Amino acid sequence: MFIKEYISDIYHAVKSLLTGMKTTGGYFIRPGEIITQEYPENRANLNLSERFRGEVVMIHDENNEHACTGCTACELACPNATIKIITKFDVSPEGKKKKAIDTFVYHLELCTMCNLCVEACPTDAIKMAQNFEHSVYDRSKLTKKLNQPGSKIREGVE
């Protein structure tokens, strides 16, 4: 009984191996049928899915204005503290204090690309970009400040 099972297992293993090798051999003989994309040679014509999640970015317009109000909804929604929002109080010309964003810190090395922060943002100030090349030698380069220098909140965003 043991010998019969042993020989059967060997037969099925060899059959499986030959099935895989048949596919590989076919690609070797007919290279035009290869469906695998070669990276990084295909960067010029690389098409990523629209729903691909690469990293969080803050959207700025041509006037260097953004829609982030500093509400910290994205920070609260993040399951592993990838986002840290540092706020300040701006004084309007009427003398009213208004909460504003000072620094939007994003720790890419902690991000799981779950998109919960984007879903939680009430003003659509952040989105998931399609950047995917994040390899660096210095881990500190993975901590990013998303709001650009001198940027301010867009008029009409509350």
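**Quick briefing: fold and overall shape**

Of the 158 residues in the chain, 27% are buried. Keep in mind that this is a predicted model. Its secondary structure adds up to three helices and seven strands, and from start to end the pattern reads α-β-β-α-β-β-α-β-β-β.

**Overall shape**
- The chain has a radius of gyration of 26 Å, while the globule rule gives 15 Å for 158 residues, so the chain is more spread out than a compact globule.
- Put a box around the C-alpha atoms along the principal axes and you get roughly 90 × 40 × 30 Å.

**Surface and contacts**
- About 11800 Å² of the chain is exposed, and 56% of that comes from carbon and sulfur atoms.
- Take the contacts between residues at least 6 apart in sequence: 70% of them join residues at least 24 apart.

**The three-stranded sheet**
- Three strands make an open sheet in the order 3-4-6, and the pairing is antiparallel.
- Strand 3 (83-91) and strand 6 (143-145) sit at the edges with a single partner strand each, so each has one side without a neighbour in the sheet.
- On average, neighbouring strands here are turned by 25° against each other, ignoring direction.
- Strand 4, covering residues 97-107, pairs with strand 6 in the antiparallel sense through three bridges.
- For a residue-level landmark, look for Tyr 106, which stands opposite Lys 144 in strand 6.
- As a reminder, strands of a sheet pair through backbone hydrogen bonds, in either a parallel or an antiparallel way.

Methods
Residues numbered from 1 in each chain as written. Predicted model: local features only at pLDDT ≥ 70, side-chain atom pairs only at ≥ 80, totals over all residues. Heavy atoms only, no water. Pairing = 2+ DSSP bridges. Helix = DSSP H or I, 4+ residues; strand = E, 2+ residues; numbered from the N terminus. Axes fitted to C-alpha atoms, helices over the stretch in contact; angles between N-to-C directions. Rg over C-alpha atoms; globule rule 2.2 N^0.38 Å. Buried < 20%, exposed > 50% of the residue type's maximum accessible area, 1.4 Å probe, protein only. Contact = heavy atoms within 4.5 Å. Areas by Shrake-Rupley, 256 points an atom, 1.4 Å probe, with all protein chains shown as cover.
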